[in-house]
Amino acid sequence: MQSSKTTIPFSVYRGGTSKGVFLPRTHLPAERAALVPLLLEIFGSPDARQIDGMGGGDKLTSKAAIMGAPTVPDADIDYLFGQVGIRHPEVDFNLNCGNLTAAAAAYAIHEGYVRTQGDRATVRIHNVNTGRIIVATVPMHDGAVLEEGDFAIGGVPGTGAPIDLDFHCATGAITGRLLPLGAPLSRIEVPGHGPLQVSVVDGPNLIVLVAAEDLGMTGVETPDEIDGNPGLTRLMQAIRETVALLTGLGDYWYARAAPSTPMLIAVQAPRSYRAYTTGELVDGRDVDLICRQYSTSATSKALAATVSAAVGMACSVPGTLAARYVRGGGQGRIRLGHPCGTITVEAGARAGQDAADTVITRATLQRTARRIARGELFVRNGMGGRSHA
């Protein structure tokens, strides 16, 4: 007997090095308690392959974007990001995805939330997760979003048209403070390890910077090498847990099997390595800072856009570990090396009386985005709902 189904309109976008399922808020339940199981159903989680849903079996492709009319002034669209668990039946809303922010800007134009004119469109995106506004500048051609171009980003085949993302107003997204521990460099006690120097920076997402050498790393390890080293990943998790407790995120941390926040970034001075996806040489002369990102119990194959912006902010604050290792000083154009290549951040800060008073003046980067598909999702009867106006 054929079971009845509920249909939900959807679009699939690639934004930067991520891919997500974009869903209109008007077709979804407002309550998180009902939204979470629906998203797990849509993505086919929990399952390592997400074979019975829209997920791709990788945390860079297991992402949802809930879109709707703006609920705050000075915004064109609301964007709620959900990191959908793969092996665990949970959805994390305690962070933003900067790569999908580029796609959110394109979605806003495609769906008519923004009136456009000329060859550039400005989209003010309200990230509901953090309460911050990110301003995107989208290239246009004949009234449509321009996707074709010659801008390449590490981890994405081919090229596209660059979308500018301005994150400088998104500081303190998780804790409300750029430097949640009150200083650019802090000494913490990590259970099972002992004292360790870290820099905790809260930009568009909360990150904890650790010197790669203090983790026993060279800094250019592949994601597989990191994830295959249980001693290293246990230490990384212990550092993340310690910082979560120090920043008041203990309840969030212990409520989840694979918490996303804070994200650990191992940093090292520039050196050459082979790109994870292509095997091509990433020349150390073309990199200003080496980064490896670890969260949700796995190493990212590419550096998240919000993390890139946060690292850029950290580079511009004297005294952080990022500022210690970055080539050429922490202001201006900074090329960050991640497993699949590089990402460039334009960073700047204005010093205050002390580090805690630092004001971020610039944190911009470029991503590409492409609409891949749109249509209807079929979910089991009873999973859907329309409680939004």
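# Exercises on two domains and the spaces between them

The largest pocket of this predicted model has a volume of about 500 Å³. The exercises below start from that pocket and move on to the domains, the other spaces, the charged pairs and the backbone.

## Exercise 1. The largest pocket

Task: Describe the lining of the largest pocket and state where the pocket lies relative to domain 1 and domain 2.

Solution.

Step 1. Count the lining. There are 24 residues around the largest pocket, and those nearest its centre are Lys59, Ile86, Thr296, Ser297 and Ala298.

Step 2. Assign the lining to elements. At least two residues each come from strand 4 (77–84), helix 3 (223–227) and strand 17 (298–299). Helix 3 gives the most, with three residues.

Step 3. Sort the lining by class. Nine residues are polar, eight are charged and seven are nonpolar.

Step 4. Place the pocket. Both domain 1 (7–170 + 370–378) and domain 2 (186–357) give residues to the lining, so the largest pocket lies between them.

## Exercise 2. The domain interface

Task: Describe how domain 1 and domain 2 meet, using distance, contacts, buried area and salt bridges.

Solution.

Step 1. Set the bounds. The protein chain is divided into domain 1, which covers 7–170 + 370–378, and domain 2, which covers 186–357. Domain 1 is thus written as two segments.

Step 2. Take the distance. Between the C-alpha centres of the two domains there are 24 Å.

Step 3. Count the residues in contact. Domain 1 contributes 22 residues and domain 2 contributes 29.

Step 4. Take the area. About 1,800 Å² is buried between the domains, with 51% of it on carbon and sulfur atoms.

Step 5. Count the charged pairs. Two salt bridges are found between domain 1 and domain 2.

## Exercise 3. The second largest pocket

Task: Carry out the analysis of Exercise 1 for the second largest pocket.

Solution.

Step 1. Take the volume and the lining. The second largest pocket holds about 340 Å³ of space. It is lined by 18 residues, with Gly154, Gly155, Glu280, Cys340 and Gly341 closest to its centre.

Step 2. Assign the lining to elements. Strand 15 (281–282) and strand 19 (341–350) supply at least two residues each.

Step 3. Sort the lining by class. Eight residues are nonpolar, seven are polar and three are charged.

Step 4. Place the pocket. Residues of domain 1 and of domain 2 both enter the lining, so the second largest pocket also lies between the two domains.

## Exercise 4. The cavity

Task: State how many cavities of 30 Å³ or more the structure holds, and describe the largest cavity.

Solution.

Step 1. Count. There is one cavity of 30 Å³ or more.

Step 2. Take the volume and the lining. The largest cavity contains about 160 Å³ of space. Its lining has 19 residues, and Lys63, Gln83, Leu95, Met263 and Gln293 are the closest to its centre.

Step 3. Assign the lining to elements. Strand 4 and strand 16 (289–295) are the elements that give two or more residues.

Step 4. Sort the lining by class. Ten residues are polar, seven are nonpolar and two are charged.

Step 5. Place the cavity. The largest cavity lies between domain 1 and domain 2, because both give residues to its lining.

## Exercise 5. Salt bridges

Task: Count the salt bridges, then describe the pairs formed by Arg380 and Arg256.

Solution.

Step 1. Recall the principle. Side chains of opposite charge can pair when their charged atoms come close.

Step 2. Count. With a cut-off of 4 Å between nitrogen and oxygen, the total is nine salt bridges.

Step 3. Take Arg380. Its partner is Glu41, and the closest N and O atoms are 2.8 Å apart. Arg380 is in strand 21 (residues 369–380) and Glu41 is in helix 1 (residues 32–43), so the pair links distant parts of the chain, 339 residues apart.

Step 4. Take Arg256. This residue pairs with Asp92, the closest N and O atoms being 3.9 Å apart.

## Exercise 6. Backbone details

Task: Locate Pro46, Pro262 and Thr296, and describe the backbone at each.

Solution.

Step 1. Take Pro46. The peptide bond from Ser45 to Pro46 is cis, with omega near 0°. Pro46 sits in the loop between helix 1 and strand 3 (63–68).

Step 2. Take Pro262. The bond from Thr261 to Pro262 is also cis, and its omega is near -5°. The loop that holds Pro262 runs between helix 5 (250–254) and strand 13 (263–268).

Step 3. Take Thr296. Although Thr296 is not a glycine, its phi is positive, about 45°. Thr296 lies in the loop between strand 16 and strand 17. Thr296 is also among the residues nearest the centre of the largest pocket.

How values were computed. Residues numbered from 1 in each chain as written. Predicted model: local features only at pLDDT ≥ 70, side-chain atom pairs only at ≥ 80, totals over all residues. Heavy atoms only, no water. 1 Å grid on protein atoms, 1.4 Å probe; cavity = no way out; pocket = protein on both sides within 12 Å on 5 of 7 lines; lining within 4 Å. Points joined across faces, edges and corners; volume = space filled by probe spheres on them. Helix = DSSP H or I, 4+ residues; strand = E, 2+ residues; numbered from the N terminus. Nonpolar A, V, L, I, M, F, W, Y, C, P; charged D, E, K, R; others polar. Domains from an automatic or database assignment. Contact = heavy atoms within 4.5 Å. Buried area = accessible area lost by both parts, 1.4 Å probe. Salt bridge = Lys/Arg side-chain N within 4 Å of Asp/Glu carboxyl O.
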